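Reader: I would like to work through this model feature by feature, hearing the general idea each time and then the case at hand. Could we start with the pairing of strands?

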Amino acid sequence: MQDLFAHDFKDISKNIKKRALITFVLLIKLGGSVITRKKENEYVIERDILKRLAYEIKESGKRAIVVHGAGPFGHRKVTELLLKNQNEKNKIVEIQQSTRILNTEVLKIFNDAELNPISFPPYSLFKFSSGKPVTKNFDFLNCYFKEGFTPVVYGDICFDPENEYHICSGDESMFELAKFFRPKRAIFVADVDGIFDRNPENEKAKLLNQVSNDSKISFRNERVDVTGGMEGKFKTMIKISKFCEVWIINGKVKHRLLKTINGKRVRGTEIFYEEKGRTR
Ligand SMILES: Nc1ncnc2c1ncn2[C@@H]1O[C@H](COP(=O)(O)OP(=O)(O)OP(=O)(O)O)[C@@H](O)[C@H]1O
Ligand SMILES: [Mg+2]
């Protein structure tokens, strides 16, 4: 392994941004809502959906950094453990063990699809202090990406010396990765067609083809999401849209991910940043 990357380690720091821009193509977030049974709050992985999404990424022939959400393996675990009178470090370890179960399955399925996945938990990329990523390091992730691996980051709990812990959502990692790598496109894959003007379970809800920081949207409060549900995701997607194209699409419908990767318009929502009447 060391031989394979020996030359990279010498010059990567000074050249990393330039090289990342040349090779990097896409950022894809596979939401916990689509790869697990999140609505039912069950520790169940939607393996068939995950397999299809992995093959759609493979079939596109494009290179991507993939982030996946935690679903109940994170959100439910956090809710259960925070009620327990346990020391913080034990809680962190137990929650990390839970999210790793999901991550290991994602890696197996990605490996079967010949995507050469390699796992990067957020605590291997960021050091948090008072809820902020004060140190960020993408050197190793970038090395593996350049050598043909698919880096897989995921939502997880991290140690934070000031706040004891920080829950780093997959969406937060998407923001940091987009800020650093400036991909062409960031694609959020969820269990809904995109962003609706109100709770999508309301029969009057309308899908919004485009939304910006000026859009007025009503979000349903997620019972089983400790990182702000769709409202939190919307705020993060708006921040990401300053760096690249941002789309949210439904991963339960066949080929929507494949088409979006290939730049084709499917039913979904584009998120963009509007600056005092001037659009991106
Ligand atoms: N206005 C809205 N438009 C679209 N979806 C909404 C809206 N309000 C609430 N939602 C809900 O947001 C959910 C998706 O967000 P959620 O954070 O649960 O998913 P995720 O990010 O895929 O999961 P994870 O955080 O585990 O990765 C959908 O299931 C949908 O019901
Ligand atoms: Mg979420």
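Reader: Which residue is the bridge partner of Val66 in β6?

Author: A bridge is read residue by residue, and in this predicted model the partner of Val66 in β6 is Val152. That pair belongs to the parallel pairing of strand β2 (residues 64–68) with β6, which is made by three bridges. β6 also pairs with strand β3 (residues 117–120), again in the parallel sense and over four bridges, and there Ile118 stands opposite Pro151 of β6.

Reader: How many of the residues of β6 are buried, and which way do they point?

Author: One reads a strand by its two sides, asking of each whether its residues are covered. In β6 (residues 150–154), five of the five residues are buried; Thr150, Val152 and Tyr154 point one way, while Pro151 and Val153 point the other way.

Reader: What does the same reading give for β2, and why is this strand described as enclosed?

Author: Five of the five residues of β2 are buried, so the strand is largely enclosed by the rest of the structure. Both of its faces are covered, with Ala64, Val66 and His68 on one side and Ile65 and Val67 on the other. β2 is also joined to strand β1 (residues 26–30) by five bridges in a parallel arrangement, in which Leu26 has Ala64 as its partner.

Reader: In which sense, parallel or antiparallel, do β11 and β12 pair?

Author: Direction has to be read pair by pair. β11 and β12 pair in the antiparallel sense over four bridges, with Ile249 bridged to Gly268 of β12, whereas β9 and β11 run parallel and are joined by six bridges, Phe188 having Ile248 as its partner in β11.

Reader: Turning to helices, why does the span of α5 agree with what its residue count leads one to expect?

Author: The idea is to compare the distance between the end C-alpha atoms with a rise of 1.5 Å a residue; for the 25 residues of α5 (residues 88–112) the expected span is 36 Å, and because the end C-alpha atoms are 36 Å apart, the two agree. The buried residues of α5 are Ile92, Ile95, Ser98, Thr99, Leu102, Asn103, Val106, Ile109 and Phe110. After the helix comes Glu114, whose phi is positive, near 60 degrees.

Reader: What span does α8 reach, and against which elements do its buried residues pack?

Author: α8 has 12 residues and reaches 17 Å from its first C-alpha to its last, close to the 16 Å expected. Its buried residues are Met230, Lys233, Phe234, Thr236, Met237 and Ile240, and the buried residues of this helix pack against α7, β9 (185–190), β11 (245–250) and β12 (268–272).

Reader: Is Leu177 buried or exposed, and on what grounds?

Author: Burial is judged by counting neighbours, and Leu177 is buried because 26 other C-beta atoms lie within 10 Å, the threshold being 20 or more. Leu177 lies in helix α7 (residues 170–181). Beyond its neighbours within four places in sequence, Leu177 is in contact with Leu27 and Ile65.

Reader: Which residues touch the most other members of the largest nonpolar core?

Author: In soluble globular proteins, nonpolar side chains tend to be buried together. Here the largest nonpolar core has 66 residues, of which Leu27, Ile28, Ile187 and Val189 touch the most other members. The element that gives the most to this core is α5, with six residues. Leaving out residues up to four places away in sequence, Ile28 touches Ile57, Ala64, Val66, Ile187 and Val189.

Reader: Which residues come nearest to ligand 1, and how is its shell divided by residue type?

Author: A ligand site can be read first by its nearest residues and then by the character of its surroundings. Of the 29 residues around ligand 1, Gly31, Gly32, Ser33, Gly69 and Met230 come nearest. The elements that give two or more residues to this shell are α2 (32–35) and α8 (229–240). By type, the shell divides into 10 nonpolar, 12 polar and seven charged residues.

Reader: How many helices and strands does the whole protein have, and what share of its residues is buried?

Author: The protein has nine helices and 14 strands, and 41% of its 280 residues count as buried. Among contacts with a separation of 6 or more, 73% are between residues 24 or more positions apart.

Note on methods:
Residues numbered from 1 in each chain as written. Chains lettered and ligands numbered in written order. Predicted model: local features only at pLDDT ≥ 70, side-chain atom pairs only at ≥ 80, totals over all residues. Buried ≥ 20, exposed ≤ 12 C-beta atoms within 10 Å, placed from the backbone. Pairing = 2+ DSSP bridges. Near = placed C-beta within 6 Å. Nonpolar A, V, L, I, M, F, W, Y, C, P; charged D, E, K, R; others polar. Contact = placed C-beta atoms within 7 Å. Expected span 1.5 Å × (residues − 1). Core = buried A, V, L, I, M, F, W, Y, C linked by C-beta atoms within 7 Å.
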